[in-house]
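Open the model in a viewer and keep the selection panel at hand. The stops below say what to select next and what is there.

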Amino acid sequence: MSILVANGLTHWFGSEVALESVDLAIDAGEHMAVLGENGAGKTTLLRILATAARPTSGRLEIMGLDALRERRRLRQRIGYVAHAPGLYPALSTAENLEFFCALQGVSRARVGETLEVVGLSSVARRAAGSLSRGMQQRLAIARAILHDPKLLVLDEPDASLGSDGADLLANVMKDRTVVLATHDHALANRLCQRTLTLRHGRSVGTATRLHVVK
Amino acid sequence: MTNSFVVALAVARKDLRAEWRTRELVPALAQFVILALVIANFGFQIDSRNAPSIAPGILWLALVFAGLVAFGRAFAAEREQASLEALLLTPASPVAIFAGKALAATVLLVGCEAVLLPALALFFGTPLSIQVVAAVLLATIGMAALGCLFAAIVARVRARELLLPLLTLPLWIPFIVAGGQAVQVAMGASGSYDQAMALLVDFDILFLVLTSLAARFVLDE
């Protein structure tokens, strides 16, 4: 059963079309990679799926809810990792997550568990601003899974994650529906069952893992 | 859904904690208001006779410009850190997030006022009474609500430093007029202190309601 259904998603930035009539259906538990060159529309698509942006036209249904009308309800069930980590540098690693516990309405006990998952327990008291880029990315991933979302939207999360980044992503993607934008075809092949390729904002087709390998 | 009160307090606590650790804003604001008073001290011939009519004007000028900086930073910092999107992509009410930001900015401005008011009394010999403090605090509430709302609006545009005063100052005029009158009376000029304070309360209620209604639309996009 499809957990996410998009029909004719179109997004304009002024007179430039960023996304044009993209259709999408993702089943529960499925992992889909979004591929494409820079400027292909990957981030725009992911921001719409994460309810961070509204499409200019088109329909989007996530978990049976109209994603354009029920955005706040859906945000309890969606985790989003954006391009920039978007952390609070003056707060510690744990404080960053504790703050989002209050906003997500989840117990602070989740902080320790989540830091363990992303391998940041040892730097829980360090200021987020003093962490390496890779650690900051891990913290952004931790924030995205803090509320145990059913749908994860990941925009190039592998950037600066390091050698065990793919293992970390495989771990956080387990038992979740995932839309993952990446330039790394090998990573997409390893972590996702299906790919959607965008070119100039248009879908140029989906493929299964086997086709990507070919 | 999350508890709005808890969210507002969490947002305010986060902002205040970040300011405590970085000390970016309050020392600069305190320095600014002291410098403003020093300049005014040399620029005006103030004595015990004209102090009650001139000092309130200096007080409100310093407060208005310090407020513009304090409220402008409330959302600009989130933009610079790219953290605003993460904040708004939670199920928390945008109104609660706005209230938390406004609360933190208010506390920072009150911290600045804690320097400004004694310094004003020191420089110009004006009385530092509970009536003066009450008038300034009442005006700060409404000014914070409006200032933070416009700061949230202009945080998305490039010329925010220019736009914020242009949008905010006209709507701060009622607070400056009523607050100015209340402070003048409290410093010894003639007039009705109670009437000015009642007007400040009315403006506070009006603008708190209006900004709460508008914040949802400003922050939800």
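**Chain B as a whole**

Begin by selecting chain B: 48% of its 221 residues count as buried. The model is a predicted one. Colour chain B by secondary structure, and 8 helices and 0 strands appear. Followed along the sequence, the pattern of chain B reads α-α-α-α-α-α-α-α. The radius of gyration of chain B is 18 Å, close to the 17 Å that the globule rule gives for 221 residues, so chain B is as compact as a globular protein of that length.

Rotate to the principal axes of chain B, along which the C-alpha trace spans about 55 × 35 × 30 Å. Taking the contacts in chain B with a separation of 6 or more, 80% are between residues 24 or more positions apart.

**Helices H3 and H6 of chain B**

Next select residues 51–80 of chain B, which form helix H3, and residues 130–154 of chain B, which form helix H6. At what angle do these two helices pack? The angle is about 50°, and the axes are 8 Å apart. An angle of about 50° makes H3(B) oblique to H6(B), since it falls outside the ranges for roughly parallel (under 35 degrees) and roughly perpendicular (65 to 115). The crossing of H3(B) and H6(B) is right-handed.

Now show side chains where the two helices meet. On H3(B), pick B:Gly67, B:Phe71, B:Gly72, B:Ala74 and B:Phe75. Opposite them, on H6(B), are B:Met143, B:Ala144, B:Gly147, B:Cys148, B:Ala151 and B:Ala152. By class, the residues of this contact between H3(B) and H6(B) are 8 nonpolar, 3 polar and no charged.

**Helices H7 and H8 of chain B**

Stay in chain B and select helix H7 (residues 160–186) together with helix H8 (residues 193–219). The axes of H7(B) and H8(B) come within 8 Å and cross at roughly 150°. That crossing angle makes H7(B) roughly antiparallel to H8(B), a description used for angles over 145 degrees. The crossing of H7(B) and H8(B) is left-handed.

Which residues carry the contact of H7(B) with H8(B)? From H7(B), display B:Pro174, B:Phe175, B:Ala178, B:Gly179, B:Gln181, B:Ala182, B:Val185 and B:Ala186. From H8(B), add B:Tyr193, B:Ala196, B:Met197, B:Leu199, B:Leu200 and B:Phe203. The contact of H7(B) with H8(B) divides into 12 nonpolar, 2 polar and no charged residues.

**Where the chains meet**

Show both chains. The contact takes 22 residues from chain A and 19 residues from chain B. On the side of chain A that touches chain B, the elements that give two or more residues are helix H2 (71–75) and helix H3 (93–104) of chain A. H3(A) gives the largest share of that side, 5 residues. Sorted by class, the side of chain A that touches chain B holds 14 nonpolar, 5 polar and 3 charged residues.

**Chain A as a whole**

Hide chain B. Chain A has 8 helices and 10 strands. The radius of gyration of chain A is 17 Å, close to the 17 Å that the globule rule gives for 214 residues, so chain A is as compact as a globular protein of that length.

The C-alpha trace of chain A spans about 45 × 40 × 35 Å along its principal axes. Of the 214 residues of chain A, 48% count as buried. In chain A, residues 24 or more positions apart account for 67% of the contacts with a separation of 6 or more.

**Helix H1 and A:Leu9**

Select residues 42–49 of chain A, helix H1. Is H1(A) mostly covered or mostly open? H1(A) is mostly covered, with 8 of its 8 residues buried. The buried residues of H1(A) are A:Lys42, A:Thr43, A:Thr44, A:Leu45, A:Leu46, A:Arg47, A:Ile48 and A:Leu49. After H1(A) comes A:Thr51, whose phi is positive, near 65°.

Finish at A:Leu9, in strand E1 (residues 2–13) of chain A. Why does A:Leu9 count as buried? A:Leu9 has 24 other C-beta atoms within 10 Å, and a residue is buried if that number is 20 or more. Draw a distance from A:Leu9 to A:Ile48: their C-alpha atoms are separated by 8.8 Å, although the two are 39 residues apart along the chain. Leaving aside neighbours within four places in sequence, A:Leu9 is in contact with A:Leu19, A:Val22, A:Leu45, A:Ile48, A:Pro55, A:Gly58 and A:Leu60.

Notes:
Residues numbered from 1 in each chain as written. Chains lettered and ligands numbered in written order. Predicted model: local features only at pLDDT ≥ 70, side-chain atom pairs only at ≥ 80, totals over all residues. Axes fitted to C-alpha atoms, helices over the stretch in contact; angles between N-to-C directions. Helix = DSSP H or I, 4+ residues; strand = E, 2+ residues; numbered from the N terminus. Left-handed = near helix turned anticlockwise from the far one by under 90°. Contact = placed C-beta atoms within 7 Å. Nonpolar A, V, L, I, M, F, W, Y, C, P; charged D, E, K, R; others polar. Rg over C-alpha atoms; globule rule 2.2 N^0.38 Å. Buried ≥ 20, exposed ≤ 12 C-beta atoms within 10 Å, placed from the backbone.
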